[in-house]
Amino acid sequence: MSAGIDLDNVVCDFGRFRAVDKVNVNIQPGEFFSFLGPSGCGKTTILRMISGFIEPTGGVVRIGGKDMKGQRPNQRPTALIFQNLALFPLMPVWENISFGLEVRGVDKVRRRARAEELLNLVDLPGAGDKMISQLSGGQKQRVAIARALAVEPQVMLLDEPLSALDLKLRQNMRAELRAIQKRTGVTFVFITHDQGEALAMSDRVGVMSHGKLQQVANPRDIYNNPVNGFVASFVGENNIFSGEVQNAADGFAQLKTAHGAFRARMEPAARGTNVKLYVRPEHMKFSGTPGAENSVPVTITEVMFEGNFISVQAITDTGLHVTSELRNDGSVAIPDVGTRLHVSFDAGRAAILPDSATAGS
Amino acid sequence: MQALFERYGSGLAAAILLLTAFWLLILLILPNITMFESSFRPYLPVVDVGGPKDTYSINNYMRIFGGDVPMSIFGFEVTIAPRVKVFLLTIFYSAVVTVITFIMAYPLAFYLAKIVSPRSLPTLFLLLFIPLWVSEILRSFAWWIILALKGPLNVVLMSLGIIDTEIRWISGFSPVIIGLIYTYVLFMLFPLYNAMQSLDSNQIEAAEDLGSPWWRTHWRVILPHAKPGIASGAVMVFMLSAGSLLVPSLLGSTTSGWFTQTIQGVMLEEQDWNTGAAFAFMLLFVCTVFVTLMMRVFGVKLSDIAK
């Protein structure tokens, strides 16, 4: 059983500070949805409003179509996994997992059996009698997931649960969380400031900044078609040119900059004189001769070998630093430092974007 | 020890060690050993001290068993020595005081540790501490006045129509219990507060999120975490109550003998320090055994309390 979540114009104020500002989003039943944003952007507040620890100042939170107003966390069909996991250190693992069932009056034999089942599900068979302090970080993580699953929630809420793990474990747990979500079919709402996590695991991502939802889309669209400058620069790297928009037509426009004139896709909201154009480093191509359009002469300043790709830094004659990433598959020649080359990009791969939803709207 | 010398240098570290040793050995252990030794010797005129009559025996300890009075213990009528009766009642009512202070301090400690905003905490602590600025004697007298037959408590209760005739508060053990609770409640509150404050609030939220009603969260999460605090608070309140002399003397009635009063009578009125010492050690010993038993029952280790 899983339920969808509707956030309808949700607002949350702490005194005069607006933590969450008119957020609208419909999370589908069974979806893996991530809220992605820097710390202080309001994503944890959203999670706490869904779980019931904070009442929204305005707007409606619905779970499974039901208005959650006035429902305490212990009355909602949600289970929250805390950032520090908040396992009960004085109970053995199996009592931790079956605590939600104990609350519901399930007898001890059945609780124990259910705990063993869940331990198998999270790949920790036989750990029921251990104490929490005897577990490693990754094992604690699994116990926390099992404890949340035990109450058969319709919605699982995860508050940066992977942030305390080391890199290798974090990557394993990503795949594992995703697999558990697919196996159980429960709606997952995941909070993170790590774009890699959000993009790799989610069906859809909501990018947040200053309490506002900037963009809701699937991971590919978030990366390839960001709607504004905040989303573009928070998720992934960019080369940024600022200038003045000219000749806007058919969703494309000419941007006049100090480094030359460039053509790119244009978001209608991007207007005025101080407008920015964003190009991902992997779309910056080097060539010996000037390209047909969007081409700038540069001098290579640095070549960094990163393993699967090579990061090349260059400087334009007008003094702007640009970065290009070349795949390490032998398809392109790696330039040497000091070489003079032309860098160009496809107009369809670059976008002229407004700054963010905080400005103007 | 090594760290102490490294941190403060040899001069200061030695001074700290010496002062601690002085306090422990000269002011605490030595007088107690002297008392303990004298508790086994008879009370003799000065000329006989050190003479042939001055021999070790447990006669002083046996003096607690003199005489017979009726007493009812859990409905069983027994005859018992009056001093033993006072002794048992002292232990019993000290335990009662400990339980009541716990019941009173637990919600307050939880409120201070987990609910109140950190900004108003200093004010609340100040309010709790202000009564301590007044001496214990004055506070006990204040209760004596409050509880008097024509005192403020009865006047207020009667004017509110809660009671028709004055209640004689100062009779039996109730005023002593009230006085002891008032005097020692903070000794329960602060260990409890410390223990609860160290609990990760996320655990309380996690329990609630898993569907737990508030009472079960307390029973399964908060209370077990606070156990060391409860234990150290309970030990302090129990020991201080059993060893209190002032409150039972001031607020006691004719029927509320406290064993410390018995010891005081033997020592100061009969001038028999040997028997007084014997009684004092008996109280200390039985209280220690009682506390150890209770800790065993509730599964608390001594090292938990030290935390």
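Start by selecting A:Ala314 and A:Val322: the two are bridge partners, with A:Val322 sitting in β18 of chain A. Keep in mind as you click around that this is a predicted model.

**The sheet around that pair**

Now widen the selection to strand β17, residues 309-316 of chain A, together with β18 of chain A. These two strands run antiparallel to each other and are joined over seven bridges. What holds such strands together? Strands in a sheet pair through backbone hydrogen bonds, and the pairing can be parallel or antiparallel.

Add the other strands to see the whole open sheet. Its five strands follow the order β15-β19-β16-β17-β18 in chain A, with antiparallel pairing. Which strands stand at the edges? Select 285-287 and 321-327 of chain A: these are β15 and β18, and each has a single partner strand, so one side of each has no neighbour in the sheet. Rotate the view and follow the twist, which averages 45° from one strand to the next.

**Stepping back to chain A**

Show chain A by itself. You should be able to find nine helices and 20 strands. The C-alpha atoms fill a box of roughly 75 × 45 × 30 Å along the principal axes. Chain A has 361 residues, and 43% of them count as buried. Among contacts in chain A with a separation of 6 or more, 66% are between residues 24 or more positions apart.

Colour residues 5-229 and 237-353 of chain A separately, and you have domain 1 and domain 2. The C-alpha centres of these two domains of chain A lie 39 Å apart. Where they meet, four residues of domain 1 of chain A are in contact with four residues of domain 2 of chain A. On the domain 1 side, that set is made up of two nonpolar, two polar and no charged residues.

**Into the core**

Bring chain B back and select A:Ile81, A:Leu157, A:Val189, A:Ile352, B:Ala109 and B:Leu192. They have the most contacts inside the largest nonpolar core, which has 156 residues. Which helix gives the most to this core? Select residues 174-197 of chain B: that is helix α7, and it supplies 15 residues. Both domain 1 and domain 2 of chain A also contribute residues, so the core lies between them.

Zoom in on A:Ile81. Apart from neighbours within four places in sequence, A:Ile81 is in contact with several residues, including A:Ala144, A:Ile145, A:Met156 and A:Leu157.

**Where the chains meet**

Next, look at the contact between the two chains, which takes 16 residues from chain A and 15 residues from chain B. On the chain A side, select β6 (78-81) and α3 (99-103), as each supplies at least two residues. The most comes from α3 of chain A, with three residues. By class, the chain A side has eleven nonpolar, four polar and one charged.

**Two unusual backbone angles**

Before the last stops, one piece of background: most residues other than glycine have a negative phi.

Select A:Leu85, in the loop between β6 and α2 (93-97) of chain A. A:Leu85 is not a glycine, yet has a positive phi of about 70°. Is A:Leu85 buried or exposed? With 23 C-beta neighbours inside 10 Å, A:Leu85 counts as buried, because the cut-off for that is 20 or more.

Finish at A:Glu152, in the loop between α5 (137-150) and β7 (155-159) of chain A. Here too phi is positive, near 45°. A:Glu152 has 15 C-beta neighbours inside 10 Å and so counts as partly exposed.

Note on methods. Residues numbered from 1 in each chain as written. Chains lettered and ligands numbered in written order. Predicted model: local features only at pLDDT ≥ 70, side-chain atom pairs only at ≥ 80, totals over all residues. Contact = placed C-beta atoms within 7 Å. Helix = DSSP H or I, 4+ residues; strand = E, 2+ residues; numbered from the N terminus. Nonpolar A, V, L, I, M, F, W, Y, C, P; charged D, E, K, R; others polar. Core = buried A, V, L, I, M, F, W, Y, C linked by C-beta atoms within 7 Å. Buried ≥ 20, exposed ≤ 12 C-beta atoms within 10 Å, placed from the backbone. Domains from an automatic or database assignment. Pairing = 2+ DSSP bridges. Axes fitted to C-alpha atoms, helices over the stretch in contact; angles between N-to-C directions.
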